[in-house]
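Here's a walk through a structure you may not have met before. Have a look at it first, and then we'll go from the whole chain down to a few single residues.

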There are 2 protein chains.
Amino acid sequence: MTQTDTVSRILDAAEVLFAERGFTETSLRTITSTAGVNLAAVNYHFGSKKELIQAVFERFLTPFTETLAADLDRRVAAGEKLEVEELLGSLFRGGVASLAAEGRDPQRFMRLLGMAYTQHQGHLRRYIVSRYGESYRRFAGLLSQALPGIDPVTFYWRLYFMLGATIFTLSSFDAIDAILREDFDAQSSLPETLDRLVPAAAAMLRADTEKS
Amino acid sequence: MTQTDTVSRILDAAEVLFAERGFTETSLRTITSTAGVNLAAVNYHFGSKKELIQAVFERFLTPFTETLAADLDRRVAAGEKLEVEELLGSLFRGGVASLAAEGRDPQRFMRLLGMAYTQHQGHLRRYIVSRYGESYRRFAGLLSQALPGIDPVTFYWRLYFMLGATIFTLSSFDAIDAILREDFDAQSSLPETLDRLVPAAAAMLRADTEKS
DNA sequence: CAACAATTTAAACACTTGTTTTGATCTGGC
DNA sequence: GCCAGATCAAAACAAGTGTTTAAATTGTTG
């Protein structure tokens, strides 16, 4: 068992357990025992529990943002006019699918993202913003260009509305799907749900402000 | 200091601290010391930490759902045709304002609601569903009537998209508002944000599924 | 092979957690 | 005024937390 082995076994276990129970609810002993490594390994390889949490996000977010960036590069280079639906498609299908392709569970990723916002972990939010803020701003910029004439502040809020709908829905996907199965005898796959989310989010972004 | 005094002092402190840091991150010692009561008081009056958490939600949700129900009753009795925007207005302005009127912070309430979904507290979700599920179903029923011809499963998902946008945005209101202030030199009040949310959410609920 | 560094292991450390216990104190009804 | 029942207070409880230590083991390199 080489070093990389131990490190990635810890990351695998932590990723699953954090997504299931949250950060403080998951002890290092639970992580190391399900990973089959010694308790001290976390502090040896990562330094502290905080740094382990950041490492879990790093392993998720780096390929995600790289895939998204490459996808956007390709489309921009091809001179495509990027509509709202296409941008959201890149974000959802491209980025999310890239994780699924690696055998990683995309909704686990979404749960973790939601937790980064909800749980009281200042260091995490700071880490994510400093590390991936640029990718975020690029996407937001392209999206606002696809919404000509929109008031900047309105756009800003709508972007958060969309993020909320996405993160909340996908992070509770299992629970929502369970109710759906019970009440409607129907079920949804994640890609199907994303297909539902794209037009709904697009409509929200484009809503004109006159009504109401 | 009578019993009610101690009980409500504990609830006040717990409400604030839970909203700030989450449930597991808030110890009973922190709660009791900021409340100025003895540590054992929580277990004496509430039984356990779990039951304290539920009591915090009970104090929030009961007046909230009652105000909402009364508002809906009044409108239905008056024979009003309930449009999507009006229903959302009842939910947001009515319910939320009722809490604000009592001097309670509505966004604190939203943060707690978000946590009930995000944090790994099975007992809480079960408690909320069993206690307030009916109010939820009534509102959902009225909302679906305002969206004639919508496919039930589509409606179901869109409802969750809307809940996500609402809960996420309002529970992170402070953080979002801080960025807004920095980047745009603008700021938003909660009522303003709700005014932005209503048309956006309505547009999302009504989006036709043909596009994309 | 020898020597040095990297890694793993078991044990202990210092501290915090929710809960319980055991008296003390207060309160309202006779 | 007194006495039962409710409330409060201090202390202790057992269990769990992240982290550190120091020795044993493994891996690598000259």
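## The fold of one chain

Let's begin with chain A, keeping in mind that this is a predicted model. Reading from the N terminus, its elements go α-α-α-α-α-α-α-α-α-α. That makes ten helices and zero strands. Measured out along its principal axes, the C-alpha trace spans about 60 × 45 × 30 Å.

How much of chain A counts as buried? Of its 212 residues, 53% do. There's also plenty of contact between parts that sit well apart in the sequence: if you take the contacts in chain A with a separation of 6 or more, 72% of them join residues 24 or more positions apart.

## Surface and charge

The accessible surface of chain A adds up to about 9600 Å². Carbon and sulfur atoms account for 52% of that surface.

As for charge, chain A carries 23 positive and 27 negative side chains. Take the centre of each set, and you'll find the two centres 6 Å apart.

## Two copies, one axis

Now bring in chain B. A turn of 180°, with a shift of 0.0 Å along the axis, lays chain B on chain A with an RMSD of 0.0 Å. The two copies are therefore related as by a two-fold rotation axis. Both copies use the same surface to meet each other, since 100% of the contact residues of chain B turn up again in chain A.

## Where the chains meet

How many residues of each chain are in contact with the other? There are 46 from chain B and 46 from chain A. Between them, the two chains bury an area of about 4400 Å², and 72% of it comes from carbon and sulfur atoms. On the chain B side, the residues that lose the most area to chain A are B:Trp157, B:Phe161 and B:Phe168. Together these three give 17% of what that side buries.

## Two residues of helix α4

Time to zoom in. Helix α4 of chain A covers residues 49-77, and A:Ala55 lies in it. Is A:Ala55 buried or exposed? Its relative accessibility is 18%, and the cut-off for buried is under 20%, so A:Ala55 counts as buried. Setting aside neighbours within four places in sequence, A:Ala55 is in contact with A:Leu11 and A:Phe46. A:Ser189 is a long way off by comparison of numbering: it sits 134 residues from A:Ala55 in sequence, and 29 Å from it in space, C-alpha to C-alpha.

A:Phe64 lies in helix α4 too. This one is buried as well, at 9% relative accessibility. Which residues does A:Phe64 touch, once neighbours within four places are left aside? The contacts are A:Leu91, A:Gly95, A:Val96, A:Ser98, A:Leu99 and A:Phe109. A:Leu170, for its part, is 106 residues from A:Phe64 in sequence and 16 Å from it in space, going by the C-alpha atoms.

## Two residues of helix α8

Helix α8 of chain A takes in residues 152-171, and A:Ser171 belongs to it. With a relative accessible area of 12%, A:Ser171 is buried. Beyond its neighbours within four places in sequence, A:Ser171 is in contact with A:Met110 and A:Arg111.

A:Arg158 is also placed in helix α8. You might look for an arginine on the outside, but here the value speaks for itself: A:Arg158 is buried, with a relative accessible area of 3%. From A:Arg158 to A:Arg108 is 50 residues in sequence and 24 Å in space, C-alpha to C-alpha.

## A loop with a positive phi

Finally, take a look at the loop between α9 (173-184) and α10 (190-206) of chain A, where A:Asp185 lies. What is the phi of A:Asp185? It is near 60°, a positive value in a residue other than glycine. Most residues other than glycine have a negative phi. A:Asp185 is exposed, its relative accessible area being 72%.

Chain B has its own case: B:Asp185 is found in the loop between α9 and α10 of that chain. The phi of B:Asp185 is near 60°, and B:Asp185 is exposed, with a relative accessible area of 72%.

Technical notes. Residues are numbered from 1 along each chain as its sequence is written. Chains are lettered from A and ligands numbered from 1 in the order in which they are written. This is a predicted model: local features need pLDDT of at least 70, side-chain atom pairs count only at pLDDT 80 or more; totals for chains, interfaces and linings use all residues. Side-chain values use heavy atoms; hydrogens and water are left out. Copies are superposed by least squares on the C-alpha atoms of residues with pLDDT of at least 70 in both. Contact means heavy atoms within 4.5 Å. Helices (H or I, at least four residues) and strands (E, at least two) are DSSP runs, numbered from the N terminus. Buried means under 20% relative accessible area, exposed over 50%, partly exposed in between (1.4 Å probe, protein chains only). Accessible areas come from the Shrake-Rupley method with a 1.4 Å probe; for residues, only the protein chains shown count as cover. Lys and Arg count as positive and Asp and Glu as negative; His and the chain ends are not counted. The place of a charge is taken as NZ of Lys, CZ of Arg, CG of Asp or CD of Glu. Buried area is the accessible area (1.4 Å probe) that two parts lose on being put together, summed over both.
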